[in-house]
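This briefing introduces a single protein chain to a reader who is new to structural description. Please keep the sequence and the structure in view while reading.

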Amino acid sequence: MKLVISSKKAKAYHTKDNKPVVYKAMFMADQPVVELTATKQLPSLRKTLYVDQQINVKTGNKLSTILKSKKAYKAAKNVSYSHVKGYGWVKTSELTKGIFMSAD
C-alpha cells in the first residue's frame, strides 16, 4: 500500500447536495500504511471548506498481499483523500473545488 502525503497551502472546496463520509486516519510508523475508519457524515453545509492535506492510497483486498505481490499492487485501486480542517479525511471525489456560492 503506497502512501503519498502532500501538504500545501489550504485550498477552498465545498460539497454539493451530497453528505460525504468523514474518516479517521491512523498512520503506521514503520510501513507506508494508513487505516481509515468511517466516523460520521459531513453535514450538508452551505459554506466553504478548506483542505490542507491530501493523500493517495492504494486499496485492495488484503494489506499483506498488496505489500508483497507486484501483481496485486498494480491491480489495487488508487483513491485520493483530503483532510478538511475541523472535520477529518474525506474522499476528494466527493468534494467540489472552489468556494461556495448560493444560487439564490
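The points below go from the chain as a whole to its strands, its cores, its aromatic pairs and a few single residues. The model is predicted, and the mean pLDDT of the chain is 82. The chain has 104 residues, and its secondary structure consists of 2 helices and 7 strands.

**Overall architecture**

- Read from the N terminus, the elements follow the order β-β-β-β-α-α-β-β-β.
- Of the 104 residues, 28% count as buried.
- The surface that the chain exposes amounts to about 7100 Å², and carbon and sulfur atoms supply 51% of this area.
- Among contacts in the chain with a separation of 6 or more, 65% are between residues 24 or more positions apart.

**Confidence of the prediction**

- A pLDDT of 70 or more is reached by 87% of the residues.
- Among the elements, helix α1, residues 63-68, has the lowest mean pLDDT, at 69.
- Strand β6 has the highest mean pLDDT among the elements, at 93.

**Strand pairing around β5**

- Strand β5, residues 77-84, and strand β6, residues 88-91, run antiparallel and are joined by 4 bridges.
- Strand β4, residues 49-59, also runs antiparallel to β5, and 8 bridges join these two strands.
- Ser82 in β5 appears in both pairings: Gln54 stands opposite Ser82, and Ser82 stands opposite Val90 in β6.
- The hairpin of β5 and β6 has 3 residues between its strands, and Gly86 takes a positive phi near 90° there.
- In a regular strand, side chains alternate between the two faces of the sheet.

**Nonpolar cores**

- The largest nonpolar core has 9 residues: Tyr13, Val22, Leu42, Leu45, Leu49, Val51, Val84, Val90 and Leu95.
- Apart from this core lies another, of 7 residues, which include Ile55, Val57, Val79 and Trp89.
- Leu49 belongs to the largest core.
- Leaving aside neighbours within four places in sequence, Leu49 is in contact with Lys11, Ala12, Tyr13, Thr15, Leu42, Val84, Tyr87 and Leu95.

**Aromatic pairs**

- How many aromatic pairs does a search of the whole structure find? The search finds 2.
- Tyr23 and Tyr81 form an edge-to-face pair, with 5.6 Å centre to centre and 85° between the planes.
- This pair links distant parts of the chain, since Tyr23 is in strand β2, residues 21-27, and Tyr81 is in strand β5, 58 residues apart.
- Both Tyr23 and Tyr81 are buried.
- Phe27 and Trp89 also form an edge-to-face pair, with 6.2 Å centre to centre and 70° between the planes.
- Distant parts of the chain are again linked, with Phe27 in strand β2 and Trp89 in strand β6, 62 residues apart.
- Is Trp89 buried or exposed? Trp89 is buried, because its relative accessible area is 7% and buried means under 20%.
- Phe27 is partly exposed, because its relative accessible area of 39% falls between the limits of 20% and 50%.

**Tyr81 in its surroundings**

- Tyr81 lies in strand β5 and counts as buried, at 7% relative accessibility.
- Which residues does Tyr81 touch, not counting residues up to four places away in sequence? They are Tyr23, Leu36, Gln53, Gln54, Ile55, Val57, Trp89, Val90, Lys91 and Thr92.
- The C-alpha atoms of Tyr81 and Ser93 are separated by 8.1 Å, and these residues are 12 residues apart along the chain.

**Lys74, an exposed residue**

- Lys74 is found in helix α2, residues 70-75.
- Why does Lys74 count as exposed? Its relative accessible area is 72%, and exposed means over 50%, so Lys74 meets the limit.
- Lys74 and Lys58 are 16 residues apart along the chain, and 9.1 Å separates their C-alpha atoms.

Technical notes:
Residues numbered from 1 in each chain as written. Predicted model: local features only at pLDDT ≥ 70, side-chain atom pairs only at ≥ 80, totals over all residues. Heavy atoms only, no water. Core = buried A, V, L, I, M, F, W, Y, C linked by side-chain atoms within 4.5 Å. Buried < 20%, exposed > 50% of the residue type's maximum accessible area, 1.4 Å probe, protein only. Contact = heavy atoms within 4.5 Å. Areas by Shrake-Rupley, 256 points an atom, 1.4 Å probe, with all protein chains shown as cover. Pairing = 2+ DSSP bridges. Phe/Tyr/Trp six-rings, centres within 6.5 Å; stacked < 30°, edge-to-face > 60°. pLDDT = per-residue confidence, 0-100.
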